[in-house]
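Student: Can you walk me through this one? I'd like to start with the holes inside, then look at a helix and a strand.

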Amino acid sequence: MTESLTTLQARRIALAAQGFTDRSHATPSMRTLERTLSRTGVLQVDSVNVLQRAHYMPLYSRMGAYDVDLLRRASQRRPRRMVEYWAHVQAFMPVDLWPVMQHRMAGYREQRGKWGFTADPTLEPGVLAAVRDRGPVTARDLEEEFSDGPRTKEHWGWNWSQARKVLDFLFLVGDVAIAGRNSQFEVLYDVPERVLPASVLAAPTPSKAEADLELVRRAARSHGVATVRCLADYYRMGVAETRAAVETLVEAGELVPVTVPGWTRAAYLHRDARLPRRVGARALLSPFDPVVWERSRAETLFDFSYRIEIYVPADKRVHGYYVLPFLLGDRIVARVDLKADRATRRLLVQGAYAEPGAPGETAEELASELRRLARWLDLDDVVVAPRGDLAPVLAAVAAAAGRRG
């Protein structure tokens, strides 16, 4: 008999799986980061820096104010705990996933990348040799040597040099790895043996079925409860291979079929998922946070319709350029368009909107969270613009808090 969950139970299970009920550490440490990464599975990387880069924010949302050098140490120092790869999209993942990704790398090799344009194969040996001799290097370091004339504007990679295209291909197929990024956020490429632990490189490559099973297993742990579509999206897998892995995990008792009101697709509960009696979260979620990155899941779990509007013309945006959902308890109760004005040391709230049924304490709780975020970003003040239905009361609360110091 299939078990049933209420929407509230499913929501609490999902938030617990993502680490929002973990006991906080007074001073977040590397152990805290590793625990958080074990919950999220991946940290999506994105170059937008209007507030804070995407991979830093899920850690902050779960760990609180932490030293961002922890992430640099985890991804660039030995023993390296995580590495960038195309795991969800571009993302940090635990280093032990490298062998599991070998089949994905082989697929990219067979299809000559993933972007629709092809790197010049005749340049690959020279670029790889240059990385081996000089790494870690950026694409810019190699552009002059491997230039073949002006950059073209073909397809998505219109502004990529040949060196950049070849390096990206070598990265996708696993011939090079990302050793870190420089202060301009440029990727630093190096050979895998100088990036990854020897034990990881020596680990056997699982079969394709075993790799699929492991990725779906990890996605299920990070979700707590999910549909096949949710599970497939987490590591960007095909639906058919995800469904096959789900069937195996159901037979093994690792996943339990459940129903959730309003979910039109079959759902599966991980056997180790926790159902907390309450969730006491208060967090601003990045647009690239795993809780909300699969928009249809966010809508069914939280009744929260969310679209990122970075690429929408300014006059057509509904809520703003970089809008963060505000999680309070086990509900998303508001959303705010934020910008870190580093020149004036102010956190700008360019729009603030309450969700239907938001509790009366929303503005006060949000103001407190904004002040905490500002301190973490080393900003001195929170300034609320008069845009959005929540803005007037939020501005008054923030101003009163500012006067109290």
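Tutor: We'll take the cavities, then helix H1, then strand E4. Keep in mind that this is a predicted model.

Student: OK, how many cavities of 30 Å³ or more are there?

Tutor: Three. The largest cavity holds about 70 Å³ of space.

Student: Which residues line the largest cavity?

Tutor: Arg112, Gly113, Lys114, Trp115, Phe117, Thr118 and Ala119 are among them. Lys165, Asp168, Phe169 and Leu172 also line this cavity.

Student: And what classes are in that lining?

Tutor: Five residues are nonpolar, two are polar and four are charged.

Student: What about the second largest cavity, what volume does it have?

Tutor: About 50 Å³. Its lining includes Ala14, Leu15 and Gln18, along with Ser222 and His223. Pro290, Val291, Arg297 and Leu301 line this cavity too.

Student: Which elements give two or more residues to that lining?

Tutor: Three helices do: H1 (7-17), H10 (208-223) and H13 (295-302).

Student: How does that lining split by class?

Tutor: Five nonpolar, three polar and one charged.

Student: Let's stay with H1. Is H1 mostly covered or uncovered?

Tutor: Mostly covered. Eight of the eleven residues in H1 are buried.

Student: Which ones are buried?

Tutor: Ala10, Arg11, Arg12, Ile13, Ala14, Leu15, Ala16 and Ala17. Two of these names came up before: Ala14 and Leu15 also line the second largest cavity.

Student: What comes just after H1?

Tutor: Glycine 19, with a positive phi of about 95°.

Student: New topic. Why is strand E4 largely enclosed?

Tutor: Five of the five residues of E4, 90-94, are buried, so the rest of the structure largely encloses this strand.

Student: Which way do the E4 residues point?

Tutor: Gln90, Phe92 and Pro94 point one way. Ala91 and Met93 point the other way. There's a general pattern here: side chains in a regular strand alternate between the two faces of the sheet.

Student: Which strands pair with E4 in the antiparallel sense?

Tutor: E2 (residues 43-44) does, over two bridges. E3 (residues 82-86) does as well, over five bridges.

Student: How many residues does the hairpin use to join E3 to E4?

Tutor: Three.

Student: And what stands opposite alanine 91 in E4?

Tutor: Glutamine 44 stands opposite alanine 91. Tyrosine 85 also stands opposite alanine 91.

Technical notes
Residues are numbered from 1 along each chain as its sequence is written. This is a predicted model: local features need pLDDT of at least 70, side-chain atom pairs count only at pLDDT 80 or more; totals for chains, interfaces and linings use all residues. Side-chain values use heavy atoms; hydrogens and water are left out. On a 1 Å grid over the protein atoms alone, a cavity is a set of points where a 1.4 Å probe fits but cannot get out, and a pocket is an open set with protein on both sides within 12 Å along at least five of seven lines; lining residues have an atom within 4 Å of a point. Grid points are joined across faces, edges and corners, and a volume is the space filled by probe spheres set on the points. Ala, Val, Leu, Ile, Met, Phe, Trp, Tyr, Cys and Pro count as nonpolar, Asp, Glu, Lys and Arg as charged, and the others, Gly among them, as polar. Helices (H or I, at least four residues) and strands (E, at least two) are DSSP runs, numbered from the N terminus. Buried means under 20% relative accessible area, exposed over 50%, partly exposed in between (1.4 Å probe, protein chains only). Two strands pair if DSSP finds at least two bridges between them.
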